[in-house]
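Please open the model in your viewer with residue selection at hand, and follow the stops below in order.

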Amino acid sequence: MADPYALNPRDIQDPPTTLRGKFRFLGPGMITSAAVVGSGELLTATALGAEVGFLLLWLVLVSTFIKVWVQIELGRWSISTGKVAVTGYNEVPPKIGKRGWMAWLVLLMFVQFLTSQAGVISASAFAFSALMPIGGDPFSFVSIGSWVAILVAIAIAIHLTNRYTVVERISTSLVVLVGVFAVVMVFAIQGTEFSWTAGDVMDGMRFQVAIGSFGVALSMFGLTGVGAGEITAYTYWCVEKGYAAWSGKNDGSEAWMKRARGWISVMKLDAWVAWFVYTISTAAFYILGAAVLHPQGIVPAMR
């Protein structure tokens, strides 16, 4: 079979030089944001805010900021080589069973990823069933099972299109919808008994950890922001978008280095825009938990 990621000289094109031009070529980061702004933020960030109040708001910024640098470095490597991350993992010595040792870790990561996605689909089916029950009882096997089937069918249909642009457009729309909703809700509660102040936010930026909250904080650090799965997938999105193809094969020439640096610059902007989006969304969920749930002593169970 032909390599779908083989670089074709006919795809080479010069990168944009202006900020406005660079924004026209963003996209992989929105797909990554769609993967990030999910159960990790909605459950973990909200639960942490509910448990300790505004005290650990700073952890949202630290958690997301640290990981984006790894994302950028893998994106840079992918553009420079034309390869995706899994290929690079397999090239890391020593070899175990003709595969790089990191490739075996990635296999375990994807097994965990598949099982967690089954949980995400089930949770989504519960939510849709509660809003639009099928057959009367929203928590019946028929209603929840039907919604699981519907969501799985939608996911399969998206995959069958085999088009990057479809994934990018859907992801961008969902990220904008969820992000705007979360931010609007943060400011909408200002007119209620759960209003928050600038002083509350400043208290949450003191880089302190409350006694007894270390476990939840560690969980939040691992689940919020880009994880190993999202970072690995980001290299695929960068290649699918065309950053590597537009740079061309590394022939060591000055022309290639100029193109590669230009497209890497676009990728960095893409990653930082995505970072801003999912950081704002995560912070919004945290504030909602701290402002609404914490005063009432309600802490969602993360299981």
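Begin by selecting Val-175, Val-178, Gly-179, Ala-182, Val-183, Met-185 and Val-186 in α8, together with Val-277, Ile-280, Ser-281, Ala-284, Phe-285, Ile-287 and Leu-288 in α13, since these are the residues through which the two helices meet. Colour this selection by residue character, and the contact of α8 with α13 divides into 12 nonpolar residues, two polar ones and no charged ones. Bear in mind while looking that this is a predicted model.

Widen the selection to the whole of helix α8, residues 164-188, and helix α13, residues 254-293, whose axes come within 9 Å and cross at roughly 40°. That angle makes α8 oblique to α13, and the crossing in which α8 passes α13 is left-handed.

Stay on helix α8 and pick out Val-184, which belongs to that helix. Is Val-184 buried, partly exposed or exposed? Its relative accessibility is 48%, and it therefore counts as partly exposed, the category that lies between 20% and 50%. If you draw a distance from the C-alpha atom of Val-184 to that of Ile-96, a residue 88 places away along the chain, the viewer should give a separation of 51 Å.

Next, move to helix α4 by selecting residues 57-81, a run of 25 residues that reaches 38 Å from its first C-alpha to its last, close to the 36 Å expected at 1.5 Å a residue. Just after α4, select Gly-82 and check its backbone, where phi is positive at about 80°.

Now add helix α10, residues 214-223, which packs with α4 at an angle of about 35°, the two axes lying 9 Å apart. Here α4 passes α10 in a right-handed crossing. To display the contact, choose Leu-59, Val-60, Val-62, Ser-63, Ile-66 and Lys-67 of α4, and Ala-217, Met-220, Phe-221, Gly-222 and Leu-223 of α10. The residues of this contact of α4 with α10 comprise eight nonpolar, two polar and one charged. As you look along a helix, recall that an α-helix has 3.6 residues a turn, so residues three or four places apart point the same way.

For the last stop, centre the view on Ser-63, which is found in helix α4. Which residues does Ser-63 contact once its neighbours within four places in sequence are left aside? They are Met-220, Phe-221 and Thr-224. With a relative accessibility of 0%, Ser-63 counts as buried, because that value is under 20%.

How values were computed: Residues numbered from 1 in each chain as written. Predicted model: local features only at pLDDT ≥ 70, side-chain atom pairs only at ≥ 80, totals over all residues. Heavy atoms only, no water. Helix = DSSP H or I, 4+ residues; strand = E, 2+ residues; numbered from the N terminus. Expected span 1.5 Å × (residues − 1). Axes fitted to C-alpha atoms, helices over the stretch in contact; angles between N-to-C directions. Parallel < 35°, antiparallel > 145°, perpendicular 65-115°, else oblique. Left-handed = near helix turned anticlockwise from the far one by under 90°. Contact = heavy atoms within 4.5 Å. Nonpolar A, V, L, I, M, F, W, Y, C, P; charged D, E, K, R; others polar. Buried < 20%, exposed > 50% of the residue type's maximum accessible area, 1.4 Å probe, protein only.
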